[in-house]
Amino acid sequence: MDGHEPDPRFTLANERTYLTWLSTSLALSAGGIAMAVVPEGVFVPWVRTLLALVLVSLSAVSAATAYPRWRHIQRALRRGDPLPPPALAPVFGYGVAAVAVVALLLILLGR
């Protein structure tokens, strides 16, 4: 990479953020798998499958974009450029919120 070596604290913070995106991916994947194996009587089967697919898809996007994001931030740190915005953060926030709201509604309506 071109540019100068950034302060190690920034490089390590960038690495921790990268690892957090991977941890988030694992959590979303586990949530998707858990949703997929919820017993038949709890949620309508097609809704359960849809929620599981949304969570696992978010997991795949998180894992696939973690390294490129780390690389772009590291490059910006080395060059002294502004950091790129977290473009996908709203996708994850709204995606997980939507799954939670639908699941909550299904839980409440199922009682």
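1. **Annotated domain.** UniProt positions are given in the numbering used here, feature names are shortened, and annotations may be inferred rather than shown by experiment. The unreviewed UniProt entry annotates residues 9-76 as "domain: DUF202". Over residues 9-76 the chain is 88% helix and 0% strand. The end C-alpha atoms of that span are 15 Å apart. Helices (H or I, at least four residues) and strands (E, at least two) are DSSP runs, numbered from the N terminus.

2. **Basis of the values.** This is a predicted model: local features need pLDDT of at least 70, side-chain atom pairs count only at pLDDT 80 or more, and totals for chains, interfaces and linings use all residues. Residues are numbered from 1 along each chain as its sequence is written, and side-chain values use heavy atoms, with hydrogens and water left out.

3. **Transmembrane annotation.** The same kind of record, an unreviewed UniProt entry, gives "transmembrane region" for residues 18-38, 50-67 and 87-109. Residues 18-38 are 90% helix and 0% strand, with end C-alpha atoms 31 Å apart. Residues 87-109 are 91% helix and 0% strand, and their end C-alpha atoms lie 35 Å apart.

4. **Aromatic pairs.** The structure holds three aromatic pairs. Rings of Phe, Tyr and Trp (its six-membered ring) pair if their centres lie within 6.5 Å; planes under 30 degrees apart count as stacked, over 60 as edge-to-face and the rest as tilted. One of the pairs is Tyr 18 with Tyr 67: the centres are 6.4 Å apart and the planes stand at 75°, so this pair is edge-to-face. Tyr 18 belongs to helix H1 and Tyr 67 to helix H2, so the pair ties together parts that are 49 residues apart in sequence.

5. **Extension to Trp 70.** The rings of Tyr 67 and Trp 70 have centres 5.5 Å apart and planes at 25°, so they are stacked. Both residues lie in helix H2, three residues apart, about one turn of the helix. Ring pairs thus link Tyr 18, Tyr 67 and Trp 70 into a cluster. Each member is partly exposed: Tyr 18 has a relative accessible area of 23%, Tyr 67 has 42% and Trp 70 has 22%. Buried means under 20% relative accessible area, exposed over 50%, partly exposed in between (1.4 Å probe, protein chains only).

6. **Two buried residues.** Arg 48 is in helix H2. Arg 48 is buried, at 8% relative accessible area. Beyond its neighbours within four places in sequence, Arg 48 contacts Met 35, Ala 36, Val 38, Pro 39, Glu 40 and Phe 43. Contact means heavy atoms within 4.5 Å. Val 99 sits in helix H3 (residues 89-109). Val 99 is also buried, at 7%. Residues up to four places away in sequence aside, Val 99 touches Leu 51, Val 54 and Leu 55. The C-alpha atoms of Val 99 and Ala 52 are separated by 8.8 Å, with their positions 47 residues apart along the chain.

7. **Nonpolar patch.** Ile 33, Val 37 and Val 56 make a nonpolar surface patch of about 270 Å². Patches are made of residues with over 30% relative accessible area and no salt bridge: like charges are joined within 9 Å, nonpolar side chains (Val, Leu, Ile, Met, Phe, Trp, Tyr) within 5 Å. A salt bridge is a side-chain nitrogen of Lys or Arg within 4 Å of a carboxyl oxygen of Asp or Glu. Areas come from the Shrake-Rupley method with a 1.4 Å probe; for residues, only the protein chains shown count as cover. Val 37 is in the loop between helix H1 (8-36) and helix H2 (45-79). Val 37 counts as exposed, at 63% relative accessibility.
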